[in-house]
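Me: I have a chain to look over before I set anything up. Could you walk me through it?

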Amino acid sequence: MSKIEGGCLCGNVRYHSESEPVMQVICHCKTCQKNSGGAYSVNVAVPEDSLVAQGETLSTYEDHSGASGKAFYRKFCSNCGSHVFSFGPAYGAVSFIKAGTLDDSSWLEPSTHIWCDEKMHCVQIPDDATQVPGNPG
């Protein structure tokens, strides 16, 4: 895989990473449901120091709603509202890119579903997918 690139809906915020993804996950937690406005969130994790973001409208929401209660910084465009990526001490030195913001998502193949205990009843997870009830170990 080559460079990972993407940005927000209006184009004011852009990012890139030269690193291979550490993981690709689908998160079903209540926080991701509220944050995405959908049934789950598709995330691509990259080393935090590999992600370069720019844009005058890049804003931060400090979230403490996760299971650890530790700060989780959600970066979004204050112009269009797109949630672009997140990071925080509860998850180590990785940043989670919201897959919907990728310029090219054709390589995505997330096969791990996390926080399955909180998934919406209407969501069906494939039988061959890895399912984790909460946070991955």
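Reply: What follows goes through the overall fold, then the largest pocket, then one residue in its lining; please keep in mind that this is a predicted model.

Me: ok, how many helices and strands does the chain have, and in which order do they run?

Reply: The chain has one helix and 11 strands, and from the N terminus the elements follow the order β-β-β-α-β-β-β-β-β-β-β-β.

Me: and what radius of gyration would a compact globule have with 137 residues?

Reply: A compact globule with 137 residues would come out near 14 Å, and the chain agrees because its own radius of gyration is 14 Å. Along the principal axes, its C-alpha atoms fill a box of roughly 40 × 35 × 25 Å, and buried residues account for 40% of the 137 residues.

Me: switching topic, what volume does the largest pocket have?

Reply: Its volume is about 450 Å³. The lining comprises 29 residues, of which C27, C29, Y91, W115 and N135 are the closest to the centre, and the elements that each contribute two or more residues to it are β3 (23–27), α1 (30–36), β7 (72–77) and β9 (94–98).

Me: what's the lining like by class?

Reply: It has 14 nonpolar, nine polar and six charged residues.

Me: where does W115 lie, and is it buried or exposed?

Reply: W115 lies in the loop between β10 (112–114) and β11 (130–131), and it counts as buried because its relative accessibility is 17%, with the cut-off being under 20%.

Me: what about phi of W115?

Reply: Phi of W115 is near 55°, a positive value in a residue that is not glycine, whereas most residues other than glycine have a negative phi.

Definitions and conventions. Residues numbered from 1 in each chain as written. Predicted model: local features only at pLDDT ≥ 70, side-chain atom pairs only at ≥ 80, totals over all residues. Heavy atoms only, no water. 1 Å grid on protein atoms, 1.4 Å probe; cavity = no way out; pocket = protein on both sides within 12 Å on 5 of 7 lines; lining within 4 Å. Points joined across faces, edges and corners; volume = space filled by probe spheres on them. Helix = DSSP H or I, 4+ residues; strand = E, 2+ residues; numbered from the N terminus. Nonpolar A, V, L, I, M, F, W, Y, C, P; charged D, E, K, R; others polar. Buried < 20%, exposed > 50% of the residue type's maximum accessible area, 1.4 Å probe, protein only. Rg over C-alpha atoms; globule rule 2.2 N^0.38 Å.
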